[in-house]
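I opened a notebook for this structure and wrote down what I looked up, entry by entry. The sheet comes before the core.

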Amino acid sequence: MGTAGGIDCRWSARNMFYQTEKDLMPAVSPYGALSHRMFALFCQMGKVIKDGVEIEVKDGDSIIPACEKLGLYMGCTEGNCWTCLVDVIEGGENLSERTEAEAALGVKSKERLVCQCRLKGGTVKLHWE
Ligand code: FES
């Protein structure tokens with residue numbers, strides 16, 4: 001994790017560019033909000049789906065915010081507590097590789113810890129109670 005000019009750049013250079021554009025455009029242009037929406041059209045977006053409800057996630061981003069919007073309670077967010085354990089119904093290949101934390105906890109093949117997942121692209125269907 002780190003910052004560049006106060007901008008969170010922990011995920012990727014593309015994410016940093018996105019963050020920069022989002023932060024600066026409304027301040028420098030009366031068309032900033034519209035420009036931001038147009039920029040979003042060029043970002044690759046995937047989806048997290050639970051019980052038919054879809055939330056868009058930018059490729060490469062964590063799925064935590066989407067799952068929270070879908071009602072999942074998060075705990076430690078570091079792979080220690082199991083609070084975010086979910087069943088993967090479809091699209092498991094669209095999630096980032098399993099982390100050491102998931103392996104150490106013995107997370108089964110059709111399960112994932114949301115706090116350890118990023119969406120590579122495409123769609124993933126999840127379920128939890
Ligand atoms: S929130 Fe604790 S393991 Fe994911």
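Entry 1, the sheet. I found 5 strands in an open sheet of mixed pairing, ordered β4-β3-β7-β5-β6. Its edge strands are β4 (53–58) and β6 (111–113), each of which pairs on one side only. From one strand to the next, the twist averages 40°. For the terms, strands (E, at least two residues) and helices (H or I, at least four) are DSSP runs numbered from the N terminus. Two strands pair if DSSP finds at least two bridges between them. For the twist, axes are lines fitted to C-alpha atoms, and angles run from 0 to 180 degrees between N-to-C directions.

Entry 2, the model. I noted that this is a predicted model, in which local features need pLDDT of at least 70 and side-chain atom pairs count only at pLDDT 80 or more, while totals for chains, interfaces and linings use all residues. Residues are numbered from 1 along each chain as its sequence is written.

Entry 3, the chain. I counted 4 helices and 7 strands in the protein chain. Their order from the N terminus is β-β-α-α-β-β-α-β-α-β-β.

Entry 4, β3 and its neighbours. Which way does β3 run relative to β4? The two are antiparallel and joined by 6 bridges. M45 stands opposite K58 in β4. The β3–β4 hairpin has 2 residues between the strands, and D51 there takes a positive phi near 50°. With β7 (residues 123–127), β3 (residues 45–50) pairs in the parallel sense over 4 bridges. In that pairing I found K47 opposite T123 and V48 opposite V124.

Entry 5, the faces of β3. G46, V48 and K50 make up the covered face, and M45, K47 and I49 the uncovered one.

Entry 6, the core. I looked up the largest nonpolar core and found 16 residues, with V48, I63, C67, C84, V114 and L119 having the most contacts inside it. Such a core is a set of buried Ala, Val, Leu, Ile, Met, Phe, Trp, Tyr and Cys residues joined through C-beta atoms within 7 Å. α3 (64–69) and β7 are the elements that give two or more residues to this core. Leaving out residues up to four places away in sequence, I63 touches V48, V57, V114, C117, R118 and L119. Contact here means C-beta atoms, placed from the backbone, within 7 Å.

Entry 7, totals. Of the 129 residues of the protein chain, 17% count as buried (20 or more other C-beta atoms within 10 Å of a residue's own).

Note on methods:
A residue is buried if 20 or more other C-beta atoms lie within 10 Å of its own, exposed if 12 or fewer, and partly exposed in between; C-beta atoms are placed from the backbone. Two residues are in contact if their C-beta atoms, placed from the backbone, lie within 7 Å.
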